[in-house]
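Please open the model in your viewer and keep a selection panel at hand. The stops below follow one another, each with something to select and something to look for.

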Amino acid sequence: MPTEQKTDTVFSKELENFIAEWKEKPGNLIMILHKVQSEFGYISRGAAMKVAEMLDIPLAKIYGVITFYHFFKLNKPGKNVIQVCMGTACYLKGGQAILDETAKHLNIPVKGVTEDGMFSLESVRCVGCCGLAPVVVIGDEVFGKVLPEQMPEILANFSE
Amino acid sequence: MAYKHYVLVCGGTGCESSKADDIFTNLKTEVANAGLEHDVQVVKTGCFGFCEKGPIVKVLPEDAFYVEVKPSDAEEIVKETLIKGRIVKRLAYVDESGKTSAVPEEIGFYQKQMRIVLRNCGLIDPEKIDEYIARDGYAALEKVLFEMTPDQVIEEMKISGLRGRGGAGFPTWMKWNFTKQVESDVKYIVCNADEGDPGAYMDRSTLEGDPHSVLEAMAIAGYTVGANQGFIYIRAEYPLAIKRLEIAMAQAREYGLLGQNILGSDFSFDIEIRLGAGAFVCGEETALLASIEGKRGMPTPKPPFPAVCGLWKKPTVINNVETWANVPVIITKGGKWFASIGTEKSSGTKVFALTGKIKNSGLVEVPMGTTLREIVYDIGGGIKGGKAFKAVQTGGPSGGVITAKMIDTPIDFDNLVAAGSMMGSGGMIVMDEDDCIIDVAKFYQEFCVEESCGKCSPCRIGTRKLYDILTKISEGKGTMEDLEQLKEIGEAMKRAALCGLGQTAPNPVLSSLHYFYDEYLEHINEKKCRAGKCKKLITYTINDNCRGCTLCARKCPVNCISGEVRQKHTIDQTKCIKCGECMKNCKFDAIEKR
Ligand SMILES: Cc1cc2nc3c(=O)[nH]c(=O)nc-3n(C[C@H](O)[C@H](O)[C@H](O)COP(=O)(O)O)c2cc1C
Ligand code: SF4
Ligand code: SF4
Ligand code: SF4
Ligand code: FES
Ligand code: FES
C-alpha cells in the first residue's frame, strides 16, 4: 500500500463535476463514494485520499464510512463480479451449494478474485428477486432458479 | 387516445432477468409488422406478483394472461390473440389439477388478493406519469392542497387507522401529528426504502411498478406537517427502482407536481434520493438518518424520536415505502373506506413476499386478517413437491416462526406479536420438512452477527454467543444448559440492547425454541437432525443395492469410499465430509442419508 500523502489517482471529468456539485451539500460523502466506486469498481487508497483532499475532510473519516458499509470495496474486484444470493429464500433453496460449486469451479474463495482478474465471487443478502430463488447476479445480469451444475456453463459465457 | 388492445409486459426485476426486454421488443416489432401500431399499445409495466411463473404478458381488454413467455412467442400472441381474438392455450396458466386458466380471475393465486398498494403494478407503465395520472394519480395531492387543511388530512389518516408497514405498526397519523405540532423552520419527510430483510422485496416492486404513488404521498405529508424537502433512502442494490424513481421525479417536476409552488399553490416540495450502502442496521430509523447525514449508520437512543428531532436535528416524518403507497388512496377514497378493509386494529391490506418451499412464490397483497392457511394453500398453492408444511417465518431476522397449529390465525400486527413473531416488513418464508429449524435460526443469527453495528455490548456479544451455541447444537455438541443459556441471553438482549436490531435479534431463536423444543432436544440428546440439514449429524451409508459400479468412489472428493469392482462399497465415516456427491451420483439408490 502506498504511503505517500499525495495521490496520483485521476478522476474523470464527470466524477470531478459530480463532486463539485455535491461538495457543499450536507451528507454528501456516501453519495460521492458511490460515484467513485461506480467509476473504478472499488475505492482505492489513492481515490479515498483524493476525495479527502477535494472535500477537505480527514482520510480517517472516509475510511470510517467505507469500512462501516458492506457495499464499499477496498480491493479491486474481477472484471465480472459474481454475486450469489444468500438471502433467506435463496439459502433455503440451495444458495450455499451454488456458492460452493462456483468457488470450486473458479478455484477461489468467497471474496476472492481469479488470477486472470476475470471473476470475483461474493455472497450477498437478497437481491430482491426471491420469487426466482436461488439467484445469481453477474455484472447486471440476473440468473434465476439456478442449479449448481449450471454455473460452469453460465460462467463460460463471461469468459471472453 | 384510446387503443383497441393493450399488451402489458412485466418489467419487474424478476421478469427482466428472464428476457422480458426481448419479449417487449419483439411484441412491438410484430405489432408493427402486422400494421397494428395504431390499434395496439405495448406497455412495459411493474411486477404482476406472480414472479415464479414469469415472464408474464397480459392482453387487454381480453384479459388474456400468459405465463413463462419467451421472446419467440411474440409472433403467436400477435397473430392469435390480437388478430384472431383467440387465446394461446399453450401459454396460459395450468394449475395442479390440470385446469387451464386464461384470465387472472380464474387463477387461485389472484382470487383472494386485494390490490391497494399494488393497485398500479402490472397495469401502468411506471416510466410514464400520464398513465399514473390517468388512474387518479396526483388527485389526492390536488385534493389536499386545495380542499383540505393539514388538520383535516391528519383526521382522515386517523380515521383510516393506517399503521406503519415497515415493522412496528405505529399509527401513521400520530407520527405526522407529532411533527406537525413541533415549531420549526425546517422539517423533513423521509421514505425508508432500505428493505433490509433478506428474502423480502415488496418495496422494491412497489417502487419499480408505481414510483409516483410514493412521491405523491410524501408531498401530501410535506403539506400536512409543513415540510418542504423529502429524501428517499434506497438500497444501492436496487438499480432499476432507483432509475424509475429518478424518471418519475423528473416528470413530476416537469408537470409542476414537485418543486416550487406545486400546482400553482403556495406549497413547495422537492425530493432527493440518497443511496444506502448495504448495512441492515440502516433500516432502523435513527441509523438511517445518520446515514443520510453521511455518517456511519449507528442508531441513537430514543427518545428523542425522529418525529421531534430527526434529520439534522429537525423534526422528521419517516415512513416505509408501503405505508406511503397507501396514503394517496386513503385521501381519494376516504379513511372510512380504508378502515372497512382488514381487521379492527389492523386496517387495510398487507403485501407479503411469499417465498421458500411454496408452489406459487411471488408478491401477494391480502386484506389484514387473512389466515396463513389461505395465503399458503389458496394463494400459494401449497408446498412444493408434495412435502409436508413445517412453518412460516415472518418478520425476517427480527421475527419468528408460525407453525401448522396456528395456520388458521388471522394475520395482523397484534396476532403475530402474540405468537412471538412480528409483521416485520412482510417477508413470509415457507419451510417444509426438509428444513431444519436450528439451521434456520443459525442462519438468521449469523446475519445478525454480521449486521450488528457493535455500538452496544448486549447485541455485539449476545448475537455472537447465540450463534456459537446454535453452531454447537447443530454439531451435536449441545447440552441442556445451552438451551437455558439461549433463553437467558435472548431475554437479556431484548431488555438491554440499544436499538431494534439487538432487541429483536433473539426472536428467531426464542420462537423456534418455544415451538420446536423437541427438535432442539433431538439434536442434543439423540444427535439427530430429522431434516438432514445439519451436516455434522448426518451419515451416508451404502446398502445392499450397491452393484459395485465404482462411480461414487471416483466422485468422492476426499477418496473415502472403497471396494472392489462389482462388490459392495463402504464409506470411511471418519473421513467423509458429508458432501452428498456419492448419493447424487449413484444410479442404483444404494446410498442412504440418515
Ligand atoms: C434493525 C432494523 C431494521 C429495519 N429495517 C427496516 C427496513 O428495511 N425498512 C423499513 O421500512 N423499516 C425498517 N425498520 C423500521 C424503521 O425503524 C421504522 O420503524 C420505519 O421505517 C417506520 O416507518 P413506518 O411507520 O411506515 O413503518 C427497521 C427497524 C430495525 C430496528
Ligand atoms: S442493538 Fe446492535 S445494531 Fe443496535 S445499536 Fe446495539 S450493537 Fe448496534
Ligand atoms: S455408485 Fe452406487 S452402486 Fe455404484 S459403487 Fe457407489 S454405491 Fe455402489
Ligand atoms: S458424502 Fe461426500 S465425502 Fe462422504 S462419502 Fe459421499 S462423496 Fe465422499
Ligand atoms: S433471498 Fe435471494 S433474491 Fe431474495
Ligand atoms: S417481476 Fe414479473 S411478475 Fe414479478
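For the residue classes used on this tour, Ala, Val, Leu, Ile, Met, Phe, Trp, Tyr, Cys and Pro count as nonpolar, Asp, Glu, Lys and Arg as charged, and the others, Gly among them, as polar. This is a predicted model, in which local features need pLDDT of at least 70 and side-chain atom pairs count only at pLDDT 80 or more, while totals for chains, interfaces and linings use all residues. Residues are numbered from 1 along each chain as its sequence is written, chains are lettered from A and ligands numbered from 1 in the order in which they are written, and side-chain values use heavy atoms, with hydrogens and water left out.

Before selecting anything, colour chain B by pLDDT (the predictor's confidence in each residue, from 0 to 100): the mean for chain B is 93, and 100% of its residues reach 70 or more. The model as a whole scores ipTM 0.92 and pTM 0.93.

Now select ligand 1 and the residues near it (one heavy atom within 4 Å). Of the 19 residues in this shell, G166(B), K175(B), N319(B), N320(B) and T323(B) come nearest, and by class the shell divides into three nonpolar, ten polar and six charged residues.

Next, display the polar contacts (pairs of N or O atoms within 3.5 Å; within protein, one must be able to donate a hydrogen and the other to accept it, and residues adjacent in sequence count only if both atoms are side-chain atoms). A polar side-chain atom of N192(B) lies 2.9 Å from an oxygen atom of ligand 1, and polar side-chain atoms of N320(B) and T323(B) each lie 2.7 Å from an oxygen atom of the ligand. Taken alone, ligand 1 exposes 610 Å², of which the protein buries 89% (Shrake-Rupley areas with a 1.4 Å probe; for residues, only the protein chains shown count as cover).

Turn to strand β10(B), which gives the most to the shell around ligand 1, with three residues (helices, H or I, of at least four residues and strands, E, of at least two are DSSP runs, numbered from the N terminus). Select its sheet, where four strands of chain B form an open, parallel arrangement in the order β9-β8-β7-β10 (strands pair if DSSP finds at least two bridges between them). The edge strands, each pairing on one side only, are β9 (270-275) and β10 of chain B.

Finally, select ligand 4, where C556(B), C576(B), C579(B), G580(B) and C582(B) come nearest among the 14 residues around the ligand. That shell has eleven nonpolar, one polar and two charged residues.
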